[in-house]
Amino acid sequence: MTKSTRSSDTVRADRGDQADIQAVSRVSQILSLFEPATPEVTTGEVAERLGLNRTTAYRYCTSLVAAGLLERSPEGGYAPGGLLLQLGAFAIGHRRVINLAPRHMQALSRATRTSAVLSLWGLTGPVVSRVEENLSAVVIVSVRVGSHLPLDTAQSKVFLAYHADQLSMERLMANLPGPAREDLRADVERVRAVGHCFAMSTPGVVAVAAPVFDEYGICATMAVVGPDNTLPMSDDAPELRAVIDAARNLTHELGGHYRPDDLDQPAV
């Protein structure tokens, strides 16, 4: 009798734990819907994009409003709430790389006459965290701060090559269709071999990226973006050297070790 009661209690506890985990996962999915192109969402959009019924989506959204993670917009949708904005500002403010990068980015932008872009790793890819534009250029190519970069960008490939959690990186790549997945894996292997990446994920726009390391490993990517007719995709391009130098200098200021330098060391 007692044994049976304990077993029932254990089952109920396990079910409760699973429900809590599912709820946390669902909240994460809802919050990840927001990006520069999607500053607010409706209940219907949440339901459609996450495969929920509208009642469940509404219940989650109203609970997040009560918690301060979302707020109702004048149009009747939902936007990031005050608590979420406070936590985001707090997190970014405590990233040393954000505080130390501007000087290096400004010099890089002037030297290459392009826009310099610093990206940090988000949930499933790089997020643009700071941009320095060169306003003297005839054509200015830029990226909005907060943009979530897809996996085919130069910044993503650099993160995929050096991220400490390679199992998670493999899972991200495994979600791609066969040919795209194999092409991406080949590009990532090349990044590991040469220490940088060129990419043209947008027609006519080239990005050149290199890794930035702190004492724990890769913490950001430094990149320049510009028109393909002015930014060469060449390993001997002066723009590439400028990106690498900026990333290396920022790495050293952060107290990290610039791992691509290992490529220049003789084998022991």
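**Aromatic pairs and the buried face of helix α2**

In this predicted model, the count of aromatic pairs comes to 3. In one of these, the rings of Trp121 and Phe159 have centres that are 5.3 Å apart and planes that meet at 55 degrees, so the pair is classed as tilted, since only planes over 60 degrees apart count as edge-to-face. Trp121 belongs to strand β3 (residues 115-121) and Phe159 to helix α6 (residues 154-162), so that their pairing ties together parts that are 38 residues apart in sequence. Trp121 and Phe159 are both buried.

An edge-to-face arrangement is found for Phe213 and Tyr258, because their ring planes stand at 80 degrees, with the ring centres 6.0 Å apart. Phe213 is part of strand β6 (residues 205-214), whereas Tyr258 is located in the segment after α9 (238-253), and the pair therefore ties together parts that are 45 residues apart in sequence. Phe213 and Tyr258 are likewise buried, and together with Tyr162 these two residues form one aromatic cluster.

Burial was also examined along helix α2, which spans residues 43-50 and has Thr43, Gly44, Val46, Ala47 and Leu50 as its buried residues. When α2 is viewed down its axis, these buried residues fall within an arc of 165 degrees, and they therefore line one face of the helix. In general, an α-helix has 3.6 residues a turn, so residues three or four places apart point the same way. Just after α2, Gly51 adopts a positive phi of about 70 degrees.

Conventions. Residues are numbered from 1 along each chain as its sequence is written. This is a predicted model: local features need pLDDT of at least 70, side-chain atom pairs count only at pLDDT 80 or more; totals for chains, interfaces and linings use all residues. Side-chain values use heavy atoms; hydrogens and water are left out. Rings of Phe, Tyr and Trp (its six-membered ring) pair if their centres lie within 6.5 Å; planes under 30 degrees apart count as stacked, over 60 as edge-to-face and the rest as tilted. Helices (H or I, at least four residues) and strands (E, at least two) are DSSP runs, numbered from the N terminus. Buried means under 20% relative accessible area, exposed over 50%, partly exposed in between (1.4 Å probe, protein chains only). The arc is that of the directions from the helix axis to the C-beta atoms.
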